[in-house]
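Colleague: Thanks for sharing this one with me. Could we go through it together, question by question?

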Amino acid sequence: MTEQIAVFGSAFNPPTQGHASVLAQLCHFDKVLLVPSYRHAWGKMMAPYETRCGWVQALIQDLRLPNLHLCQREASLGREGDAVTTHMLLSALQDDYPDAALTFVVGTDNLLKFDQFADSAQILSRWSVLGMPEKVVVRSTHIRERLAQGLPVGDLTTPTIAAQLSEAVFCR
């Protein structure tokens, strides 16, 4: 039987309850690779890559879903300074998992503009794309805004991430 792998890329800047609500819906996959953006294709400013990988590890710990795995493949693809496209990532992951069926998971916000992704037609012809709505609508921007105002974020993310973010704010 072919291994079914979901690829869930995001800035995770930081991870939210929205991310968690999508991940909880992916339990039918053998493996779910959580892929933090190494360098955002559209130039989005983000916390350092290593920090966001730590947040993803905390998310995985907090959710306790056995099929979740941090995937740092974008780092090896983006080291030369270029942005990593979804097509580049999926091609590399298919090389890493040659016998697996990959499904690229996108939120509804990105599904609506999927035609703007580099090589979107090639992606659709080679892999499955799954649009997943969030059951809890929370954006990373909401967390960053609350932190800037000194407000708690425990209801917007998981406990470990909320504690890490609060500590970081108080240590400034």
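Colleague: Is Lys31 buried or exposed in this predicted model?
Modeller: The relative accessible area of Lys31 is 18%. Buried means under 20%, so Lys31 counts as buried.

Colleague: Which residue forms a salt bridge with Lys31?
Modeller: Lys31 sits in strand 2, and its partner lies 28 residues away, in the segment before strand 1. The closest N and O atoms of the two are 3.8 Å apart, and the cut-off for a salt bridge is 4 Å. With a relative accessible area of 30%, the partner is partly exposed. The residue is Glu3.

Colleague: How far apart are N and O in the salt bridge of Asp96 and Arg73?
Modeller: Asp96 belongs to helix 4 and Arg73 to helix 3, so the pair links distant parts of the chain, 23 residues apart. Both are partly exposed, Asp96 at 39% relative accessible area and Arg73 at 22%. Their N to O distance is 2.7 Å.

Colleague: And which residue does Arg139 form a salt bridge with?
Modeller: Arg139 is partly exposed, with a relative accessible area of 32%. Its partner also counts as partly exposed, at 24%. The closest N and O atoms are 2.8 Å apart, and the partner is Glu134.

Colleague: On to nonpolar packing: which element gives the largest share of the largest nonpolar core?
Modeller: That core has 27 residues, and Leu23, Leu26, Val32 and Leu34 have the most contacts inside it. Strand 1, helix 1, strand 2, helix 2, helix 7 and helix 8 each give two or more residues. The largest share is five residues, and it comes from helix 2.

Colleague: What is Leu23 in contact with, leaving aside neighbours within four places in sequence?
Modeller: Leu23 is among the residues with the most contacts inside the largest core. Two others named there, Val32 and Leu34, are also on its contact list. The full list is Phe8, Val32, Leu34, Leu59, Leu63, Leu65 and Leu68.

Colleague: Where does Val138 lie, and which residues is it in contact with beyond four places in sequence?
Modeller: Val138 lies in the loop between strand 5 and helix 7. At 7% relative accessibility, Val138 counts as buried. Its contacts beyond those neighbours are Thr16, Gln17, Gly18 and Leu156.

Colleague: Now the aromatic rings: is the pair of Tyr38 and Tyr49 stacked or edge-to-face?
Modeller: A search of the whole structure finds five aromatic pairs. In this one, the ring centres are 4.9 Å apart and the planes stand at 75°. Planes over 60 degrees apart count as edge-to-face, so the pair of Tyr38 and Tyr49 is edge-to-face.

Colleague: Which parts does that pair tie together?
Modeller: Both rings belong to buried residues, Tyr38 at 18% relative accessibility and Tyr49 at 8%. The two are 11 residues apart in sequence. The parts tied together are the loop between strand 2 and helix 2, which holds Tyr38, and helix 2 itself, which holds Tyr49.

Colleague: Which residues form one aromatic cluster?
Modeller: Phe104 and Phe114 have ring centres 6.5 Å apart and planes at 40°, so their pair is tilted. Phe104 lies in strand 4 and Phe114 in the loop between helix 5 and helix 6. Each is buried, Phe104 with a relative accessible area of 6% and Phe114 at 6% relative accessibility. The cluster consists of Phe104, Phe114 and Phe117.

Conventions:
Residues numbered from 1 in each chain as written. Predicted model: local features only at pLDDT ≥ 70, side-chain atom pairs only at ≥ 80, totals over all residues. Heavy atoms only, no water. Salt bridge = Lys/Arg side-chain N within 4 Å of Asp/Glu carboxyl O. Buried < 20%, exposed > 50% of the residue type's maximum accessible area, 1.4 Å probe, protein only. Core = buried A, V, L, I, M, F, W, Y, C linked by side-chain atoms within 4.5 Å. Contact = heavy atoms within 4.5 Å. Phe/Tyr/Trp six-rings, centres within 6.5 Å; stacked < 30°, edge-to-face > 60°.
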